[in-house]
Amino acid sequence: MRRRLRAAVLPLHRRSLPQLAVDGALVALAYYLAFQLRFDNGPTGHYAELRTRTIWWVLAGSLLVLVFSRVYQRRWRYSGQRDYEALARAIVVIVLLTVVGIEALRPVQRYSVQHSVHGTRSVATATVGLPNGVIVLFALLCLLFLLGVRVLARTIYERRPLAAFRGVREGERGVLIVGAGDGGRLVLREIARNRGLGLSPVGFLDDDPSKRGLRIDGVRVRGDTRADLPRILDESEPDEVLIAIPSAPGSTRARVVRECRARGIAVRTLPTVFELLQDHGMITRQMREVRVEDVLGREPVHMELDRVGSYLAEETVLVTGAGGSIGAELCRQIARVGPRKIVLLDHAEDNLFQIQRELLDERHIQPSVLAAVLADCKEEERMREVFSEHRPTVVFHAAAYKHVGLMEANPVEAVRNNAIATRVVAHVAGQLEARRFVLVSTDKAVAPATVMGASKALAEFALDAAAARWVGTRYNAVRFGNVLGSSGSVVPIFERQIARGGPVTVTDERMTRYFMTIPEAVQLIIRSGSLICAQGGTDSSPAGSPPAFSSNAAPGAEVFVLDMGEPVRIVELARAMIDLSGLDPDRDIDIEIVGRRAGEKLSEELFNDYERARPTPAEKIMLAERLPLGAEAVESMFAEIGLLVLEGDAAGLAAKVSALSATHGAVPADGGAVTDGADATTRADDVTDGADATTRTDDVTDGADAIRANDVTDDERFSARHRTPEPLVHSQDS
């Protein structure tokens, strides 16, 4: 406290005393020279006496003004625009106080004898003031000296006098900076200030034609990244290229990386503002290697989280699967918008502990805002306990199994965790009056060809039934493709294969997938949770909610689809990752085509045939408009698969789930008849309620390919009635 009071009374650090001494000497010199330059041969008489008597006053007053103007809170070599402005204001005050002080104190007076007409004599006195020329010169010289010494100190510290004329010194690495904007200048200044980095700039590249040929802090803009890049790389021969445009398009990054890799030149990129805020230190030490998401050729999605996530403020938010890649990022971003409480739920102890400690230690979330719950979503009684204790108003259900191969081998657990658990959590959320429920789904739920995809399709169906039963809860599902960096992504698999020296295995050269980064996907999930669809064109949104948009579909769960741009060829992704590792995909690492696995599709779709893509008020988010399944039909489905799960019939369950997941277009919302043109057909699932909802035959042969006879019949009926009078056709670019 004593130190703070002393700093407030006298804002001067002892390390600033040399600067204060130099400034005092320069002010005195400026005052002296102002008189010297005003008079041709220097001041004489009264003006010489005035300078001699007042120079010490001016010096003392100037030092006080400079100290209380707080111009010594930063070293000269770090001085900037604000410091210069503060110094200019201090100089104006010094000059004004000098003029007023001399007029008030009258240090020098001039005497004259006057004779009257009556022969008497009188003595008249007059104050000797500062001539106007001295005042102007004093102000200009102070400005020149005090600003000049700071600019000189900064220039010497940053080595600018020689930077523009010398080449790369021995032991230094030549750096070509891509981007001559604010980011590029920031990198250049940091390189100039920190000699220990061992870097020397050889030029800028910028696609802005108006900057071509300019010098930015002494370094020339040599050309652009399109036509000039190969020539400049060959001429300047840099040791490294720094991409100093955090928002650079993926195509630009890919072009720079491709040309540099061809010449064996290392490439690094400036982090985004979000990454800068996460860490501390010098900007150049935060330069990172170019990652695969930087060169995919798609513009990153950026949203104002405080605006799109404002509906979560002061809410109690439950995130299931909080320890997973998507769930953990959901917790990080939700914590930024000020919820009343975040309930972290996961059945994996280590993952739950890690995200809890991260939010407490690194994100500085108050312990009273966090609740870490170790629980399994499949256990209905445990879910009731959690909901009853914490009363969440918004639920993000991210808990799911997502490894396709493992789920094919373990269909019972896939269905229990992905489908049945979703139904349990959705039911409990509706019963205990949560206002919003958001399911994190996948594009593999569209026309599913695997158990994992089929289980997620059933999870979407479960929301239809819940939406029909509990109208006070808004149920949404959000579909998107592969997430770069997640535990189930192909990227870490490729990284391990490259680290081992190859080969990198790709199932088919024609294989394509949609990709997003984890922060992108989570931003869009949060935004989707704020969307409310006014069914049938009527606005049913409560007061203060985000604006609703109209849909002609029957009431049910809303399925939102994220626009992920163009699909990426997996073989091209593999080549890009080998390139980024500094290796040649045609020479150093082999790419081996191993053939498709069972159920693996060449490309994923975003919409089913019976769905129509409709725009929403949110950028990059579309609504999959469809007729929802009726509650009775969904309950019949889950009665069937529930019985198979209890019996542990993996083969029968895999077949049944695949069949049921393809029935959406066959069962209308009311659970009654469906028409195909003019012909009426009976319900797709001719089953009764209760435990006897299905009549299984016991002649199931061994093996994963066993399919019950009545399932085949069901399949045929389902496919025959999968059409609607007007097919809702879409394109993936919609």
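A residue counts here as buried when its relative accessible area is under 20%, and by that cut-off P585, with a relative accessible area of 8%, is buried. I begin with that residue because its 8% falls under the limit, so the label is a plain one. What you have above is a predicted model, and I will keep to what can be read from it.

P585 is placed in the loop between α20, residues 570–580, and β24, residues 591–593. If we leave aside its neighbours within four places in sequence, P585 is in contact with R575, I578 and D579. There is also a pairing along the chain to point out, since the C-alpha atoms of P585 and G502, 83 residues apart in sequence, are separated by 10.0 Å. A second pair to look at is A499 and S581, which are 82 residues apart along the chain and have their C-alpha atoms separated by 8.9 Å. A499 belongs to helix α18, residues 490–499, and, in contrast to the buried P585, A499 counts as exposed, because its relative accessibility is 69%.

Let me step back to the whole chain for a moment. The protein has 734 residues, of which 50% count as buried, and there are 23 helices and 28 strands in it. Of the contacts in the protein with a separation of 6 or more, 74% are accounted for by residues 24 or more positions apart.

Now to the helix pairs, of which I will take three, starting with α17 and α21. Their axes come within 8 Å and cross at roughly 135°. Are these two helices parallel or oblique to each other? Angles over 145 degrees would count as roughly antiparallel and 65 to 115 as roughly perpendicular, and 135° falls in neither range, so α17 and α21 are oblique to each other. The crossing is left-handed. On the α17 side the residues are L458, F461, A462, A465, A468 and R469, and these meet A631, V634, E635, M637, F638 and I641 in α21. By class, that contact has 10 nonpolar residues, no polar ones and two charged ones.

Staying with α21, which covers residues 631–647, we can check its length against expectation. At 1.5 Å a residue, its 17 residues should span 24 Å, and because the C-alpha atoms at its ends are 24 Å apart, the two values agree. The buried residues of α21 are A633, V634, S636, M637, F638, E640, I641, G642, L644 and V645. Several names recur here, including V634, M637, F638 and I641, which are listed among the buried residues and also take part in the contact with α17. Just after the helix, G648 takes a positive phi of about 70°.

The second pair is α14, residues 380–390, and α16, residues 411–431, which pack at an angle of about 40° with their axes 10 Å apart. α14 passes α16 in a right-handed crossing. E380, M383, R384 and F387 of α14 make this contact with V424, V425, V428, A429 and Q431 of α16, and those residues divide into six nonpolar, one polar and two charged.

The third pair is α12, residues 325–335, and α13, residues 349–362, whose axes come within 11 Å and cross at roughly 20°. That angle makes α12 roughly parallel to α13, because anything under 35 degrees counts as such. The crossing of α12 and α13 is right-handed. From α12 the residues A328, C331 and R332 meet I355, E358 and L359 in α13, and this contact divides into four nonpolar, no polar and two charged residues.

I will end with backbone angles. Most residues other than glycine have a negative phi. Which residue in the loop between β14, residues 436–440, and α17, residues 451–469, should we look at here? It is A447 that lies in this loop, and the phi of A447 is near 45°, a positive value in a residue other than glycine. A447 counts as partly exposed, because its relative accessibility is 38%. The other case I would show you is E314, placed in the loop between α11, residues 305–308, and β10, residues 316–320; the phi of E314 is near 65°, again a positive value in a residue other than glycine.

Methods
Residues are numbered from 1 along each chain as its sequence is written. This is a predicted model: local features need pLDDT of at least 70, side-chain atom pairs count only at pLDDT 80 or more; totals for chains, interfaces and linings use all residues. Side-chain values use heavy atoms; hydrogens and water are left out. Axes are lines fitted to C-alpha atoms, for helices over the stretch in contact, and angles run from 0 to 180 degrees between N-to-C directions. Helices (H or I, at least four residues) and strands (E, at least two) are DSSP runs, numbered from the N terminus. A crossing is left-handed if the near helix is turned anticlockwise from the far one by less than a right angle, and right-handed if clockwise. Contact means heavy atoms within 4.5 Å. Ala, Val, Leu, Ile, Met, Phe, Trp, Tyr, Cys and Pro count as nonpolar, Asp, Glu, Lys and Arg as charged, and the others, Gly among them, as polar. The expected span of a helix is 1.5 Å times one less than its number of residues. Buried means under 20% relative accessible area, exposed over 50%, partly exposed in between (1.4 Å probe, protein chains only).
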